Amino acid sequence: IIKIISFLSLHLFMWKWIQRQASPKVFYGTCSRLIPWFFWPFVSLLVIGLFWSLVLSPPDYQQGDGYRIIFIHVPSAILSMMVYAVMAIAGGIGLIWQIKMAEVVAKVSAPIGAAFTIIALASGAIWGKPMWGAWWVWDARLTSELILLFLYLAYMSLNSAFDNPRTAAKASSILAIVGLINLPIIHYSVKWWNTLHQGYSVGTGGLKDPDMQIALAIMFVASIFLYALLVAIKARTEVLVREQNSRWVKDEVEGLVL
């Protein structure tokens, strides 16, 4: 009985917290407070990660120093999928529970995820040129990652095709949810098909040297903080635009001017 009561109390607390954050004013304030908490860890981890990646990590026994682009490529590729998952989940929450701030998170995540995807594709091409002798091959992993970019672009186009933000959010959220099927295809493509792309860079068969693993982990965590930072910054702007006629927004703008 105690466990059931604790479980229900926790869920009730979380639901009340979610309802509170659903208020545009509270959500705006939360984003404002979180920005420095995301900014400084990102900068610190980026500096440490780059030093570990470029200085402390040894050259690869096959690829030499050319492999170091992996410390940009792999975090970007993982974040491109993670951000899409967050975007689709947030869109689904907005679609089912009509929480406008979830729609805001989904909308501002799209261009960030698209940017991570472009970085992943570009760095993969730079990496692939000396390894495969070509900038691009229609490899299963590369092709499915390119499809992910198209999904981001389609989401952003559909979101901007409607004047009503709620209608735009509903239509684009459905597209994002359907597009989730591409994520396992990207992840398991190196197992399901005979592909030129190398296997997983983390876990079994991945990087062997501890310094390489640490550098990759630091750069990955730095990328997560970067995503959170950009979402907080862009979400604040989006909330101000959506709620521009609200009294609290006018007071906030007047306070900034003064």
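Let's start at Asn182, which sits in helix 7 (residues 182-192); helices here are DSSP runs of H or I with at least four residues, strands are E runs of at least two, and numbering goes from the N terminus. This is a predicted model, where local features need pLDDT of at least 70, side-chain atom pairs count only at pLDDT 80 or more, and totals for chains, interfaces and linings use all residues. Residues are numbered from 1 along each chain as its sequence is written, and side-chain values use heavy atoms, with hydrogens and water left out.

Is Asn182 buried or exposed? Asn182 is buried, because its relative accessible area is 6%; the cut-offs are under 20% for buried, over 50% for exposed and partly exposed in between, with a 1.4 Å probe and protein chains only. Not counting residues up to four places away in sequence, Asn182 touches Ser144, Ile147, Leu148 and Leu151. Contact here means heavy atoms within 4.5 Å.

**The overall fold**

Stepping back, the protein chain has nine helices and zero strands, so to speak an α-α-α-α-α-α-α-α-α pattern when read along the sequence. Of its 258 residues, 41% count as buried. Among contacts in the protein chain with a separation of 6 or more, 75% are between residues 24 or more positions apart. The accessible surface of the protein chain comes to about 14500 Å², and 71% of that belongs to carbon and sulfur atoms; the areas come from the Shrake-Rupley method with a 1.4 Å probe, and for residues only the protein chains shown count as cover.**The nonpolar cores**

In soluble globular proteins, nonpolar side chains tend to be buried together. The largest nonpolar core has 42 residues, and Phe27, Tyr84 and Met87 touch the most other members. A core of this kind is a set of buried Ala, Val, Leu, Ile, Met, Phe, Trp, Tyr and Cys residues joined through side-chain atoms within 4.5 Å. Helix 2 (24-56), helix 3 (70-97), helix 4, helix 5 (140-159), helix 7, helix 8 and helix 9 each supply at least two residues of this core. Which helix gives the largest share of this core? That would be helix 4, with 10 residues.

Leaving aside neighbours within four places in sequence, Phe27 is in contact with Gln21, Met101, Val104, Val105, Ala235 and Val239. Apart from the largest core lies another one of 11 residues, with Ile70, Val74, Leu207 and Ala215 among them.

**Salt bridges**

Side chains of opposite charge can pair when their charged atoms come close. How many salt bridges does the count come to? The count comes to six, taking a salt bridge as a side-chain nitrogen of Lys or Arg within 4 Å of a carboxyl oxygen of Asp or Glu. Here are some of them:

| Acidic residue | Basic residue | N to O distance |
|---|---|---|
| Asp65 | Arg68 | 2.9 Å |
| Glu243 | Lys100 | 3.4 Å |
| Glu238 | Lys107 | 3.2 Å |

Take Lys100 and Glu243, whose side chains meet in a salt bridge. This pair links distant parts of the chain, 143 residues apart: Lys100 is in helix 4 (residues 100-132), while Glu243 is in the loop between helix 8 (210-242) and helix 9 (247-257). Lys100 is partly exposed at 30% relative accessible area, whereas Glu243 counts as buried at 13%.

Then there is the salt bridge between Glu238 and Lys107. Glu238 lies in helix 8 and Lys107 in helix 4, so this pair ties together parts that are 131 residues apart in sequence. Glu238 counts as buried, at 12% relative accessibility, and Lys107 is partly exposed, at 31%. Salt bridges with shared partners join Glu103, Lys107, Arg166, Glu238 and Arg242 into one network.

As for Asp65 and Arg68, whose side chains also meet in a salt bridge, Asp65 counts as partly exposed with 48% relative accessibility. Arg68 counts as buried, at 14%.

**Aromatic pairs and a long-range approach**

The structure holds six aromatic pairs. Why is the pair of Trp136 and Trp138 edge-to-face? The ring centres of Trp136 and Trp138 are 5.4 Å apart and their planes are at 85°, so the pair gets that label. Rings of Phe, Tyr and Trp (its six-membered ring) pair if their centres lie within 6.5 Å, and planes under 30 degrees apart count as stacked, over 60 as edge-to-face and the rest as tilted. Trp136 is partly exposed, with a relative accessible area of 29%, whereas Trp138 is exposed, at 67%.

Last stop: Ile233, which has its place in helix 8. Ile233 counts as partly exposed, at 37% relative accessibility. Which residue, 201 residues apart from Ile233 along the chain, has its C-alpha atom separated from that of Ile233 by 7.7 Å? The residue is Ser32.
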